[in-house]
Amino acid sequence: MVDEEDLRFEIPSYAFIALARRGMEKISLDQCFLKDCDNQDVNLLEPFKKEESENEIKHTKKIYIKCKKCNGIFILKFETIKKVVKSTKAKDKEVLSMGLVYALDENGKNLGHIGYF
Ligand SMILES: [Zn+2]
């Protein structure tokens, strides 16, 4: 039996979207990412399953979430790249990639790249 509260704790509250020249925009992950659903109430989102896998390059974590508003299931997929890519320019020490978050539907179909976490 998976503890729902523990799973909730594994989901970051926000992801960040890179905007062309305007920096980063913060979006809440406490929402349903299924089409035609506008649920943004965390109390209507029930994480119920976690899958983790790992290879040499990245660590992948999938959290399955049931939306109590549309009764659909979607998956938040978090990918952490192990080798942090740094810009080759000496002045630009910004880390280019830490983690990527995607939304998938129940069958694993990609609903889109959400952003970074
Ligand atoms: Zn929904």
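Does Ser13 count as buried or exposed, and how many C-beta neighbours lie inside 10 Å? In this predicted model, Ser13 counts as exposed because it has 10 C-beta neighbours inside 10 Å. A residue with 12 or fewer such neighbours falls in the exposed class. Ser13 belongs to the loop between α1 (4-10) and β1. Its contacts, leaving aside residues up to four places away in sequence, are Ser28, Leu29 and Asp30. Ser13 and Lys26 can also be compared in sequence and in space. They are 13 residues apart along the chain, and their C-alpha atoms are 9.7 Å apart.

The overall layout comes next. The protein contains one helix and seven strands. Read from the N terminus, the order of elements is α-β-β-β-β-β-β-β. The helix therefore opens the series, and the strands follow. Of the 117 residues, 14% count as buried. Contacts between residues at least 6 apart in sequence were also examined. Of these, 39% join residues at least 24 apart.The strand pairs can be taken in order, beginning with β1 and β2. Strand β1 spans residues 14-19, and it pairs with β2 in the antiparallel sense over six bridges. Three residues lie between these two strands, which form a hairpin. Within the pair, Tyr14 has Ser28 of β2 as its bridge partner. Leu19 is also part of strand β1. Leu19 is exposed, because 9 other C-beta atoms lie within 10 Å. It touches Met24 and Glu25, when residues up to four places away in sequence are not counted. Strand β2 has six residues, and the number buried is zero, so this strand lies largely in the open.

The loop between β2 (23-28) and β3 (45-54) holds Asp36. The backbone of Asp36 has a positive phi of about 65°, although Asp36 is not a glycine. What is the exposure of Asp36, and how many other C-beta atoms lie within 10 Å? The count is 7, so Asp36 is exposed.

Strands β4 and β5 form another pair. Their pairing is antiparallel and covers nine bridges. Across this pair, Lys62 stands opposite Lys77 in β5. The two strands make a hairpin with five residues between them. Asn71 is found in the loop that joins β4 and β5. Its phi is near 60°, a positive value in a residue other than glycine. Asn71 has 9 other C-beta atoms within 10 Å, so this residue is exposed.

Strand β5 also pairs with β6. This pairing is antiparallel too, and it runs over seven bridges. Here Phe78 stands opposite Val101 in β6. In turn, β6 pairs with strand β7, which covers residues 110-116. These two strands are antiparallel and share five bridges. Leu100 has Tyr116 in β7 as its bridge partner. The hairpin of β6 and β7 has four residues between the strands. In that hairpin, Gly108 takes a positive phi near 90°.

Attention now turns to the interior. In a regular strand the side chains alternate between the two faces of the sheet. The largest nonpolar core of this model has 14 residues. Cys32, Phe33, Ile65, Phe74 and Leu76 have the most contacts inside this core. Which strands each supply at least two residues of the core? They are β4 (58-67), β5 (73-81) and β6 (99-105). Strand β5 gives the most, with four residues. Phe33, one of the residues with the most contacts inside the core, touches Phe74, Ala103 and Leu111. Residues up to four places away in sequence are left out of that list.

Two parts of the picture can be set side by side. Strand β5 pairs with β4 over nine bridges and with β6 over seven bridges, and β5 also gives the most residues to the largest nonpolar core. Strand β2, by contrast, has no buried residue among its six.

Conventions
Residues are numbered from 1 along each chain as its sequence is written. This is a predicted model: local features need pLDDT of at least 70, side-chain atom pairs count only at pLDDT 80 or more; totals for chains, interfaces and linings use all residues. A nonpolar core is a set of buried Ala, Val, Leu, Ile, Met, Phe, Trp, Tyr and Cys residues joined through C-beta atoms within 7 Å. A residue is buried if 20 or more other C-beta atoms lie within 10 Å of its own, exposed if 12 or fewer, and partly exposed in between; C-beta atoms are placed from the backbone. Two residues are in contact if their C-beta atoms, placed from the backbone, lie within 7 Å. Two strands pair if DSSP finds at least two bridges between them.
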